[in-house]
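Work through the exercises below with the model open. Try each task before reading its solution.

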Amino acid sequence: LGWAGHTSSLARLDRMSRRDADAVTRRVAQEAVGRIIGVALPAHASEQDRRERLDAALLPRLAMFRGAVHE
């Protein structure tokens with residue numbers, strides 16, 4: 001989805017990875033976002049470290065698809 005430019009799906013997963021009340025759900029969503037944008041998240045990393053790694057890669061990725069035409 002990330003490569004195809006479906007930023008709405010990626011954005012929803014990212015919101016879940018930040019806001020879900022359940023820590024396991026947040027972690028699984030973070031791993032999904034990481035797989036989509038190509039960021040490896042170490043299993044032993046803290047939630048804050050995972051979030052920082054994702055944020056560093058996610059913002060440029062989302063910017064790359066701004067204005068893209070979706071069919």
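**Exercise 1. Find the partner of Arg18 and place both residues in the fold.**

Step 1. Arg18 pairs with Asp55 in a salt bridge, and their closest N and O atoms are 2.5 Å apart. Keep in mind that this is a predicted model.

Step 2. Locate the two ends. Arg18 sits in helix H1 (residues 7-19) and Asp55 in helix H3 (residues 47-64). The pair links distant parts of the chain, 37 residues apart.

Step 3. Check exposure. Arg18 has a relative accessible area of 38%, so it is partly exposed. Asp55, at 24%, is partly exposed too.

Step 4. Widen the view. Asp14, Arg18, Arg51 and Asp55 are linked in a network of salt bridges. The structure holds seven salt bridges.

**Exercise 2. Decide whether Arg26 is buried or exposed, and identify its salt-bridge partner.**

Step 1. Arg26 lies in helix H2.

Step 2. Apply the cut-off: buried means under 20% relative accessible area. Arg26 has 14%, so it counts as buried.

Step 3. List what surrounds the residue. Beyond its neighbours within four places in sequence, Arg26 is in contact with Met16, Ser17, Arg18, Asp20, Ala21 and Glu47.

Step 4. Pick out the partner. The side chains of Arg26 and Glu47 form a salt bridge at 2.7 Å, N to O. Glu47 belongs to helix H3 and Arg26 to helix H2, so the bridge ties together parts that are 21 residues apart in sequence.

Step 5. Compare the exposure classes. Glu47 is partly exposed at 30% relative accessibility, whereas Arg26 is buried at 14%.

**Exercise 3. Describe the salt bridge between Arg53 and Asp49.**

Step 1. The closest N and O atoms of Arg53 and Asp49 are 3.1 Å apart.

Step 2. Both residues lie in helix H3, four residues apart, which is about one turn of the helix.

Step 3. Recall the helix geometry. With 3.6 residues a turn, an α-helix has residues three or four places apart pointing the same way.

Step 4. Arg53 is partly exposed at 37%, and Asp49 is partly exposed at 25%.

**Exercise 4. Characterise helix H2 and put it in the context of the whole protein.**

Step 1. H2 covers residues 23-37, 15 residues in total. Its span from first to last C-alpha is 21 Å, close to the 21 Å expected.

Step 2. The buried residues of H2 include Ala29, Val33, Ile36 and Ile37.

Step 3. Gly38 follows H2, with a positive phi near 80°.

Step 4. Zoom out. The protein has three helices and zero strands, in the pattern α-α-α. Of its 71 residues, 31% are buried.

Key. Residues are numbered from 1 along each chain as its sequence is written. This is a predicted model: local features need pLDDT of at least 70, side-chain atom pairs count only at pLDDT 80 or more; totals for chains, interfaces and linings use all residues. Side-chain values use heavy atoms; hydrogens and water are left out. Helices (H or I, at least four residues) and strands (E, at least two) are DSSP runs, numbered from the N terminus. The expected span of a helix is 1.5 Å times one less than its number of residues. Buried means under 20% relative accessible area, exposed over 50%, partly exposed in between (1.4 Å probe, protein chains only). Contact means heavy atoms within 4.5 Å. A salt bridge is a side-chain nitrogen of Lys or Arg within 4 Å of a carboxyl oxygen of Asp or Glu.
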